[in-house]
Amino acid sequence: MITPRRLIAGYALTASWAYPYQVPTTVLSSTAKQLVVCNTDTVIRTFYYAVTATTGAPTVAQTMFNAVTLQVNESKVFGLTDVMPSGYYIQCKAGEAGGGNLVSLSVSGMEST
């Protein structure tokens with residue numbers, strides 16, 4: 001069964017790698033379909049996004065979005081079809097110190113059981 005859902009609902013990024021979503025062990029896989037980021041700050045910010053099998057800073061090969069620029073008050077929408085097996089993590093962070101809690105991220109998708 002495939003269940004549409006918000007995998008990450010409005011997560012405020014910090015300047016350190018965080019793990020706001022782990023594919024539950026009760027599902028076969030999750031698919032990220034849409035990523036929305038928003039810079040609510042009065043200065044330009046960047047964001048990073050990766051999918052990994054373990055915690056810890058991601059490798060270059062695991063990084064999907066690297067230092068993507070967000071203008072003042074800009075939102076960006078990215079279409080994805082990224083299938084992640086059970087236990088995998090979505091990792092993300094804001095690029096600059098002081099950018100914490102000023103860049104938000106949401107991911108919509110589905111879980112397959």
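User: Which side chains meet D41 or R45 in a salt bridge, and at what N to O distance?

Analyst: First, the general idea. Side chains of opposite charge can pair when their charged atoms come close. A salt bridge here is a side-chain nitrogen of Lys or Arg within 4 Å of a carboxyl oxygen of Asp or Glu. In this predicted model, the side chains of D41 and R45 meet in one at 2.6 Å, N to O. Both residues are buried. Buried means under 20% relative accessible area, exposed over 50%, and partly exposed in between, with a 1.4 Å probe and protein chains only.

User: What should I know about numbering and confidence in this predicted model?

Analyst: Residues count from 1 along each chain as its sequence is written, and side-chain values use heavy atoms, leaving out hydrogens and water. The model is predicted, so local features need pLDDT of at least 70 and side-chain atom pairs count only at pLDDT 80 or more, while totals for chains, interfaces and linings use all residues.

User: How many salt bridges does the structure hold?

Analyst: Two. E111 and R5 also meet through their side chains, at 3.0 Å, N to O. E111 lies in strand β8 and R5 in strand β1, so the pair ties together parts that are 106 residues apart in sequence. Strands (E, at least two residues) and helices (H or I, at least four) are DSSP runs, numbered from the N terminus.

User: Are E111 and R5 buried or exposed?

Analyst: E111 is buried, at 8% relative accessibility. R5 is partly exposed, at 41%.

User: How do I read the sheet with β1 and β8, and what is its strand order?

Analyst: Strands of a sheet pair through backbone hydrogen bonds, either parallel or antiparallel. The criterion for pairing is at least two DSSP bridges between two strands. Here four strands form an open sheet, ordered β1-β8-β3-β6, with antiparallel pairing. β1 and β6 stand at the edges with a single partner strand each, so one side of each has no neighbour in the sheet. On average, neighbouring strands are turned by 15° against each other, direction ignored. Axes are lines fitted to C-alpha atoms, for helices over the stretch in contact, and angles run from 0 to 180 degrees between N-to-C directions. Eight bridges pair β1 with β8. T3 stands opposite E111 in β8.

User: What is the strand order of the open sheet that holds β4 and β5?

Analyst: That four-strand sheet runs β2-β7-β4-β5, again with antiparallel pairing. Its edges are β2 (18-22) and β5. Neighbouring strands turn by 20° on average, direction ignored. Five bridges join β4 to β5. T46 has T69 in β5 as its bridge partner.

User: How many residues does the largest nonpolar core have?

Analyst: A nonpolar core is a set of buried Ala, Val, Leu, Ile, Met, Phe, Trp, Tyr and Cys residues joined through side-chain atoms within 4.5 Å. The largest has 24 residues. L35, F47, Y49, L105 and V107 have the most contacts inside it. Elements giving two or more residues include β1 (2-12), β3 (29-39) and β8 (103-112).

User: Which residues does V107 contact, leaving aside neighbours within four places in sequence?

Analyst: Contact means heavy atoms within 4.5 Å. V107 is in contact with R6, L7, I8, A32, Q34, L35, Y49 and I90.

User: What polar contact does S106 make?

Analyst: A polar contact is a pair of N or O atoms within 3.5 Å; within protein, one must be able to donate a hydrogen and the other to accept it, and residues adjacent in sequence count only if both atoms are side-chain atoms. The side chains of S106 and R6 are joined by one of 3.3 Å. S106 lies in β8 and is buried, at 14%.
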